[in-house]
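Please follow the chain through its helices, strands, salt bridges and cores. The paragraphs below take these topics in turn.

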Amino acid sequence: MDSSLEGIDWVQAKADLAADDFDNGRSPEALRRSFHQSQQVAFARDGDRVVGMARLLSDGVCNAYLVDVWTTSAYRRQGIASAMIRRLLNAVPGQHVGLQTDNAQPLYEALGFKPQPEFWSVVVGSWLDNDANR
């Protein structure tokens, strides 16, 4: 487990995400930029291969947002996601950390997260139609 962006094969990472049905359409370069521009990142590796990743966006004062938490299928249920999330949470003491999940509620509940009454969002224009993805 580390927070180093060095040595990551972003093309392979994108392929692994797609194979796990966790790809949201970013190009490998856009995926790289997403992690490089985040305040905190965590990676789990098996040799040179990334088998888990997560990132945290934060204003550095009171609010943070946990995104892109993923562990490759063959490595799930071994505590990798929990360890990455704890690592990220430890980097933002005193901050409110939010997230959105479709099907990992038990994981987040076990880590102390509580459901919020509402989450609202909007995509400005068309999804991923921006300079970062061209």
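Two strands are taken to pair if DSSP finds at least two bridges between them. With that criterion in hand, the strands of this predicted model can be read as follows. E1 and E2 form a hairpin with two residues between them, and Gly 47, which lies in the turn, has a positive phi of about 65 degrees. These two strands run antiparallel and are joined by seven bridges, and one of the pairings places Arg 45 opposite Val 50 of E2 as its bridge partner.

The next step along the chain is a further hairpin, made by E2 and E3 with four residues between them, where Gly 60 in the turn has a positive phi of about 75 degrees. E2 and E3 also run antiparallel, with six bridges joining them, and here Arg 55 has Val 67 of E3 as its bridge partner. E2 thus takes part in both the pairing with E1 and the pairing with E3. Eight of the 10 residues of E2 are buried, so this strand is largely enclosed by the rest of the structure.

Which elements do the buried residues of helix H1 pack against? They pack against helix H2 (28-36) and against the strands E1 (40-46), E2 (49-58) and E3 (63-71). The buried residues of H1, which spans residues 10-19, are Trp 10, Ala 13, Lys 14, Asp 16 and Leu 17. When the helix is viewed down its axis, these buried residues fall within an arc of 160 degrees, so they line one face of H1. An α-helix has 3.6 residues a turn, so residues three or four places apart point the same way. On the other side of H1, Val 11 and Ala 19 are exposed.

The two ends of this helix can be described as well. At the start of H1, a side-chain oxygen of Asp 9 comes to within 3.1 Å of the backbone nitrogen of Val 11, while Asp 21, which follows H1, has a positive phi, near 55 degrees. From helix H2, Pro 28 touches Trp 10, Val 11 and Lys 14, when residues up to four places away in sequence are not counted. Pro 28 has a relative accessible area of 24% and is therefore partly exposed, since the buried class requires a value under 20%. The C-alpha atoms of Pro 28 and Val 50, residues that are 22 places apart along the chain, are separated by 14 Å.

Two of the buried residues of H1 carry charged side chains that enter salt bridges, and a search of the whole structure finds seven such bridges. Lys 14 meets the side chain of Asp 23 in a salt bridge with an N to O distance of 2.7 Å; Lys 14 is buried, with a relative accessible area of 17%, whereas Asp 23, at 33% relative accessibility, counts as partly exposed. Asp 16 forms a salt bridge with Arg 49, their closest N and O atoms being 2.7 Å apart. This second pair links distant parts of the chain, since Arg 49 lies in strand E2 and Asp 16 in helix H1, 33 residues apart. Asp 16 is buried at 13% relative accessible area, and Arg 49 is partly exposed at 40%.

A further salt bridge, with an N to O distance of 2.6 Å, joins the side chains of Asp 68 and Arg 55. Asp 68 lies in strand E3 and Arg 55 in strand E2, so the pair ties together parts that are 13 residues apart in sequence. Both Asp 68 and Arg 55 are buried, and together with Arg 26 they are linked in a network of salt bridges.

What remains is the nonpolar interior. In soluble globular proteins, nonpolar side chains tend to be buried together. The largest nonpolar core here has 19 residues, of which Leu 56, Leu 66, Val 69, Ile 85, Val 97, Tyr 108 and Phe 113 touch the most other members. The elements that give two or more residues to this core are E1, E2, E3 and helix H3 (80-90), and H3 supplies the largest share, five residues. Phe 113, leaving aside its neighbours within four places in sequence, is in contact with Leu 66, Ile 85, Leu 89, Val 97, Leu 99 and Tyr 108. A second, separate core has 12 residues, including Trp 10, Leu 17, Phe 43 and Met 53.

How values were computed
Residues are numbered from 1 along each chain as its sequence is written. This is a predicted model: local features need pLDDT of at least 70, side-chain atom pairs count only at pLDDT 80 or more; totals for chains, interfaces and linings use all residues. Side-chain values use heavy atoms; hydrogens and water are left out. Buried means under 20% relative accessible area, exposed over 50%, partly exposed in between (1.4 Å probe, protein chains only). The arc is that of the directions from the helix axis to the C-beta atoms. Contact means heavy atoms within 4.5 Å. A polar contact is a pair of N or O atoms within 3.5 Å; within protein, one must be able to donate a hydrogen and the other to accept it, and residues adjacent in sequence count only if both atoms are side-chain atoms. A salt bridge is a side-chain nitrogen of Lys or Arg within 4 Å of a carboxyl oxygen of Asp or Glu. A nonpolar core is a set of buried Ala, Val, Leu, Ile, Met, Phe, Trp, Tyr and Cys residues joined through side-chain atoms within 4.5 Å.
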